[in-house]
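The exercises below are meant to be worked through with the sequence and the model side by side. Each task is followed by a solution that proceeds step by step.

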Amino acid sequence: MTKSALITGITGQDGAYLAKFLLGIKYKVFGTYRRSSTPNFWRLQYLGIFDEINLIPADIIDSSSIVEAINISQPEEFYNLAAQSFVGASFEQPIGTGEITGLGVTRALEALRQVDPEIRFYQASTSELYGNKAPFPQNEQTAFNPSSPYAVAKLSGYWNTRIYREGYGMFACNGILFNHESPIRGLEFVTRKISNIAAKIALGLETTLVLGNLDAKRDWGYSPDYVESMWLMLQQKEADDYVIATNETHSVKEYVEKTFDFLGLDWQEYLKVDRRFLRPLDVNLLQGDYSKAEKKLKWKPKKRFHELVEIMIKEEMNRWERWQNGERFPWDAPNYPHEANILTRVLRV
Ligand code: NAP
Ligand code: GDD
């Protein structure tokens with residue numbers, strides 16, 4: 001029998017890849033999108049699945065729209081990916097982030113509890129929960145020490161997911177996913193920012209890459225690998241929480257070096273550091289131990305760091321070369337404002 005899934009955040013990176021994966025295993029896929037002045041479906045178009053998705057307008061800050069989305073789709077599985085997901089922006093909009101990324105989870109869980117508590121629930125939890133100075137590699141037992149308003153909001157979502165599981169017997173899982181990237185990552189995240197600007201530098205379209213903290217270390221994986229783990233979690237006998245990672249860690253500086261090496265360029269000639277990209281508080285080192293997922297879900301990452309860097313830079317070169325040849329696509333790069341023109345906070349000397 002055909003299964004149905006409802007995805008909040010289907011217009012984002014993971015939502016689009018998850019939708020593609022579920023369509024590939026013959027699910028009927030429903031996805032919520034926010035009303036905005038300009039439609040934002042470029043990722044679904046880029047993956048060639050836009051026409052196969054059943055779209056429902058809903059906002060995670062509006063409970064009634066979530067209830068309606070559940071009633072319309074009547075899914076077996078609910079994937080809650082909607083979030084204000086940029087850690088940097090959570091320092092600029094801590095209250096909005098709490099509403100969407102934190103309370104949004106409560107709204108989703110409560111809507112499910114009231115409409116149909118049998119629907120299985122996936123919560124997009126995060127390695128940001130571990131915060132700064134955590135022992136590593138981090139696993140499901142490592143203590144949380146959130147270090148941003150984003151992480152605090154996600155921690156509330158993590159706990160409510162457990163509370164609804166333990167208190168109401170709902171099948172609710174936290175996927176504690178470490179950073180995962182792809183060519184359809186938002187441009188503000190460091191990997192895509194690096195690959196996008198590096199490709200433009202290589203083609204003579206840009207001269208400088210301006211970054212913040214180069215020493216931060218992350219465990220970077222590949223988004224299409226990671227969305228499969230979301231589905232696996234909801235196919236188990238018991239609901240549980242799982243770390244999803246590669247167990248490799250690399251600094252932002254290493255990411256830059258690898259990217260420029262691929263292009264045959266010396267990164268030191270193009271990189272500048274600007275404190276406007278430093279956060280009030282940053283997470284210094286993330287490295288995830290995914291052995292529980294490997295054992296119970298039979299999941300492991302397929303793509304490693306060096307392959308990820310290559311996928312990202314190759315696709316960015318391909319896009320900008322085609323752009324130089326006059327082709328235009330629904331990817332987002334040309335539509336973004338130059339970061340130098342974005343004012344986020346008062347920087348005192
Ligand atoms: P993303 O590309 O930023 O996508 C976020 C999605 O949430 C977008 O579809 C966005 O819609 C939607 N959204 C934002 N505010 C909303 C609201 N008020 N109501 C309904 N939808 C809303 O993020 P991602 O990388 O795909 O990540 C997916 C989820 O996993 C997020 O919850 C993120 O926090 C979490 N996570 C990500 C990573 C990672 O490394 N990627 C790691 C751990 C956890 P618009 O298109 O309209 O903005
Ligand atoms: N974005 C950005 N821009 N980050 C920079 C820059 C820059 O110019 N320069 C240095 N960095 C550093 C950040 O300070 C951070 O330490 C690291 O690069 C990674 O930043 P992001 O790519 O913005 O990701 P993140 O780790 O903060 O958050 C992502 O991963 C989380 C999982 O650990 C997001 O996808 C979150 O939604 C996710 O939960």
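**Exercise 1.** Determine how Trp 42 and Tyr 46 are placed relative to one another in helix α2, and classify the pair that their rings form.

*Solution.* In this predicted model, Trp 42 and Tyr 46 both belong to helix α2 (residues 42–46), and because they are four residues apart in it, about one helical turn separates them. The next step is the ring geometry: the two centres lie 6.5 Å apart and the planes meet at 75°. Since planes over 60 degrees apart count as edge-to-face, the pair of Trp 42 and Tyr 46 is assigned to that class. Finally, the accessibilities: Trp 42 has a relative accessibility of 9% and therefore counts as buried, whereas Tyr 46, at 31%, is partly exposed.

**Exercise 2.** Classify the aromatic pair of Tyr 33 and Phe 41, and decide for each residue whether it is buried or partly exposed.

*Solution.* The ring centres of Tyr 33 and Phe 41 are 5.3 Å apart with 70° between the planes, which is an edge-to-face arrangement. For burial the limit is 20% relative accessible area; Phe 41, at 15%, is therefore buried, while Tyr 33, at 26%, is partly exposed. As a wider setting for this pair, the count of aromatic pairs comes to 19, and one aromatic cluster is formed by Tyr 130, Phe 144, Tyr 158, Trp 159 and Phe 178.

**Exercise 3.** Locate Thr 101 and describe its surroundings.

*Solution.* Thr 101 sits in helix α5, which spans residues 94–115. With a relative accessibility of 1%, Thr 101 counts as buried. Leaving aside residues up to four places away in sequence, Thr 101 touches Ala 83, Gln 84, Tyr 150, Ala 153 and Lys 154. For one of these residues, Gln 84, a polar contact can be specified: its backbone nitrogen lies 3.0 Å from a polar side-chain atom of Thr 101.

**Exercise 4.** Describe the shell around ligand 1, beginning with the closest residues and ending with the elements that contribute to it.

*Solution.* Ligand 1 is surrounded by 24 residues, of which Thr 11, Arg 34, Asn 40, Ser 85 and Tyr 150 are the closest. By class, the shell consists of nine nonpolar, 10 polar and five charged residues. Two of the polar contacts involve oxygen atoms of the ligand: a side-chain N or O atom of Tyr 150 lies 2.6 Å from one, and a backbone N or O atom of Asp 14 lies 2.8 Å from one. A nitrogen atom of ligand 1, in turn, is 2.8 Å from an N or O atom in the side chain of Asp 59. Of the 890 Å² of accessible area that ligand 1 has on its own, the protein covers 89%. The elements that give two or more residues to this shell are α1 (13–24), β5 (120–126) and α6 (149–168), and β5 supplies the largest share, three residues.

**Exercise 5.** Carry out the corresponding analysis for ligand 2.

*Solution.* Here 23 residues form the surroundings, and the closest are Ser 85, Ser 127, Tyr 150, Arg 279 and Asp 282. Polar side-chain atoms approach oxygen atoms of ligand 2 from Tyr 150, at 2.5 Å, and from Lys 193, at 2.7 Å. The backbone is also involved, since an N or O atom of Gly 212 lies 2.8 Å from a nitrogen atom of ligand 2. The protein covers 96% of the 710 Å² of accessible area that ligand 2 has on its own, and its shell comprises 10 nonpolar, six polar and seven charged residues.

Definitions and conventions: Residues numbered from 1 in each chain as written. Chains lettered and ligands numbered in written order. Predicted model: local features only at pLDDT ≥ 70, side-chain atom pairs only at ≥ 80, totals over all residues. Heavy atoms only, no water. Near = heavy atom within 4 Å. Polar contact = N/O pair within 3.5 Å; in protein donor to acceptor, adjacent residues only side chain to side chain. Areas by Shrake-Rupley, 256 points an atom, 1.4 Å probe, with all protein chains shown as cover. Nonpolar A, V, L, I, M, F, W, Y, C, P; charged D, E, K, R; others polar. Buried < 20%, exposed > 50% of the residue type's maximum accessible area, 1.4 Å probe, protein only. Contact = heavy atoms within 4.5 Å. Phe/Tyr/Trp six-rings, centres within 6.5 Å; stacked < 30°, edge-to-face > 60°.
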